[in-house]
Amino acid sequence: MGTAKGPRPTADNYRGMVRNYIGGEWVNSTGAESQQVINPAVGKAIADVPLGTAEDVDAAVAAAQDAFWSWRQTPPQQRVQCLYRLKRLLEENHEKLARIVTEEHGKALDDARGSVQRAIENVEVACGIPSLMMGYGLEDGAARGIDEDLVRQPLGVFAAICPFNFPAMVPFWFLPYAVACGDTFIVKPSEQVPLTQQAIFELIAESGFPPGVINLVNGARTVVDAILDHPKIRGVSFVGSTPVARYIYRRASENGKRVQAQGGAKNVLVLMPDAVLDKTVPNVMGSSFGSAGQRCLAGSLAVTVGDRDGRAVKAIADAARALRVGNGLEPGVDVGPVISEQAQERILASIRRGIDDGARLVVDGRGAAEKRDGFFVGPTVFDQVTPEMSIAKTEIFGPVLGIIAVDTLDQALKVIDDIPYGNAASIFTQDGKAAREFRYRAHVGNVGINIGVAAPMAYFPFSGWKDSFFGTLHGQGRDAIDFFTDRKVVITRWF
Ligand code: NAD
């Protein structure tokens, strides 16, 4: 199982070499190396992505730096006209973009549609910059006849380093706000899923942004390090795994940049004895197995409180068995492939580890992995998990749900506390007091009450706590305005 499947033939819809978009032009990377972009549902190459260089980053920064002063002086009300055009183009191309997301990432088409929608919503929020970016002032604030005002100003060039699991959405947690605030921007997509941003940058090119305001550089670690070390980049937004987030935070901070680094997760869904099971279980399914568990908000542990007759476990297991695994482009598919053969092997190893550690495998998704084409793992459910087991502590990032049984809400909250991550946690209950206790005490950045995926809308900030986030200001919403601007206080006296 999970053995090497040999060299991958190229698909009919092969799209050639991915390009960079720098200074308003499509350009080839200066790098000689590349890697294949694989459609994980069929295991075939659909493009090649260049593993870019420090020179690529230099060129993008130079273009962004050149564009900055004039863009910064463009009135906010005019800057957002480009975003309005981009919003319209994204809407017109919604379905096409969602299909590209599914093709390169694997998630079910409905999931992909939702993620494109969230990208659009972030553009909508950023269109409010003329109001959002306002400062404040106080006449006679310093003394009689001396006024004091605060204005927000953009800083310069920013960059986003993105993960594979949301090819359309994650760059849009940052990009629309940065450029609306008057900064200029560089996107570095995940090298595993560069095609959605190729298509989105075709739309950016049509939206009327001056050359250099938004740039695209493809690549992997070399590009990341060049971004982190570039003296002209003022801030970095990162989303990805915790070890890399920690590295990004340290290195970019040492180089004097603003940093927001969102990391991995191990999210807990607490099922109280009074949870309405027929409504709760579909939420658990969506949370744990949607996008094949490859979401930073995926529920990867369910903690049942007082489930003495095993009713909750049985309902979860039955529903997991009923999910349909397949190519996310096919109608009715609930669970698509995982991103790569390597990810598939890692997830299968976690399942073996769970069995070895003594958890009870109640739904075994490994059969799906025997399919020769594509990288599938079916929904997998473990019962009798204990907090010290590896499957309870590590981020599996696949369709694997562990169930821990406890007797009290206190014990459930302790499970959450003991996990080093703190992205999200949900409670399912009809008891307002239990829900209030949960939202008050859970050490996480996002809480769901009878909601399985506690994903904040674009006008709220989004990020986790503990090892799920390094930095201060989160993505999206008002935090984004604070991240992409600095505050200047002006004290005025006229003689
Ligand atoms: P990843 O950390 O492997 O890669 C993220 C980005 O970092 C990519 O652009 C990649 O090119 C770059 N990168 C990878 N290794 C690097 C290294 N050693 N040095 C420098 N750069 C490096 O993450 P991924 O596998 O693409 O994404 C999945 C992870 O992202 C999961 O852990 C998931 O929880 C997390 N995630 C978190 C959030 C959040 O909001 N907290 C959202 C989405 C995904």
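Here are some short exercises on the model above, each with a worked solution.

This is a predicted model, in which local features need pLDDT of at least 70 and side-chain atom pairs count only at pLDDT 80 or more, while totals for chains, interfaces and linings use all residues. Residues are numbered from 1 along each chain as its sequence is written, and side-chain values use heavy atoms, with hydrogens and water left out.

**Exercise 1. The ligand site**

Find where the ligand sits, and list its polar contacts to Lys188, Arg221 and Gln262.

Solution.
- Start with the site: the ligand sits in the largest pocket. A pocket here is an open set of points on a 1 Å grid over the protein atoms alone, with protein on both sides within 12 Å along at least five of seven lines. A molecule sits in one if more than half of its atoms lie within 2 Å of its grid points.
- Next, look at the shell: 26 residues surround the ligand, and the closest are Cys162, Lys188, Glu191, Ser241 and Glu395. To belong, a residue needs a heavy atom within 4 Å of the molecule. Helix 8, strand 10 and helix 9 each supply at least two residues of this shell. Helices (H or I, at least four residues) and strands (E, at least two) are DSSP runs, numbered from the N terminus.
- Now the polar contacts, meaning pairs of N or O atoms within 3.5 Å. A side-chain N or O atom of Lys188 is 2.7 Å from a ligand oxygen. For Gln262, a side-chain N or O atom is 2.8 Å from an oxygen atom of the ligand. Arg221 places a polar side-chain atom 3.4 Å from a ligand nitrogen.
- Finally, the cover: the protein hides 88% of the 830 Å² of accessible area that the ligand has on its own. Such areas come from the Shrake-Rupley method with a 1.4 Å probe.

**Exercise 2. Helix 8 and the loop before it**

Which residues of helix 8 are buried, and what covers them?

Solution.
- Buried means under 20% relative accessible area, exposed over 50%, and partly exposed in between (1.4 Å probe, protein chains only). In helix 8 (residues 221–229), the buried ones are Val223, Val224, Asp225, Ala226, Ile227 and Leu228.
- Their cover includes helix 1 (54–73), strand 7 (157–161), strand 8 (184–188), strand 10 (233–239) and helix 9 (242–254).
- Step back to Gly219, in the loop between strand 9 (214–216) and helix 8. Gly219 is buried because its relative accessible area is 1%.
- Leaving aside residues up to four places away in sequence, Gly219 touches Pro50, Leu51, Gly52, Lys188, Pro189 and Glu191. Contact means heavy atoms within 4.5 Å. Gly219 and Gly52 are 167 residues apart in sequence, with C-alpha atoms 4.4 Å apart in space.

**Exercise 3. Ser463 and two positive phi angles**

Place Ser463, Lys466 and Gln476 in the fold, and sort them into buried or partly exposed.

Solution.
- Ser463 is in the loop between strand 19 (446–449) and strand 20 (465–466). Its relative accessible area is 2%, so Ser463 is buried. Among its contacts beyond four places in sequence are Gln262, Asn423 and His474.
- Lys466 belongs to strand 20. Its phi is positive, about 50°, although Lys466 is not a glycine. Its relative accessibility is 29%, so Lys466 counts as partly exposed.
- Gln476 lies in the loop between strand 21 (469–471) and helix 16 (477–484). This non-glycine residue has a positive phi of about 65°. At 1% relative accessibility, Gln476 counts as buried.

How values were computed
Polar contact = N/O pair within 3.5 Å; in protein donor to acceptor, adjacent residues only side chain to side chain. 1 Å grid on protein atoms, 1.4 Å probe; cavity = no way out; pocket = protein on both sides within 12 Å on 5 of 7 lines; lining within 4 Å.
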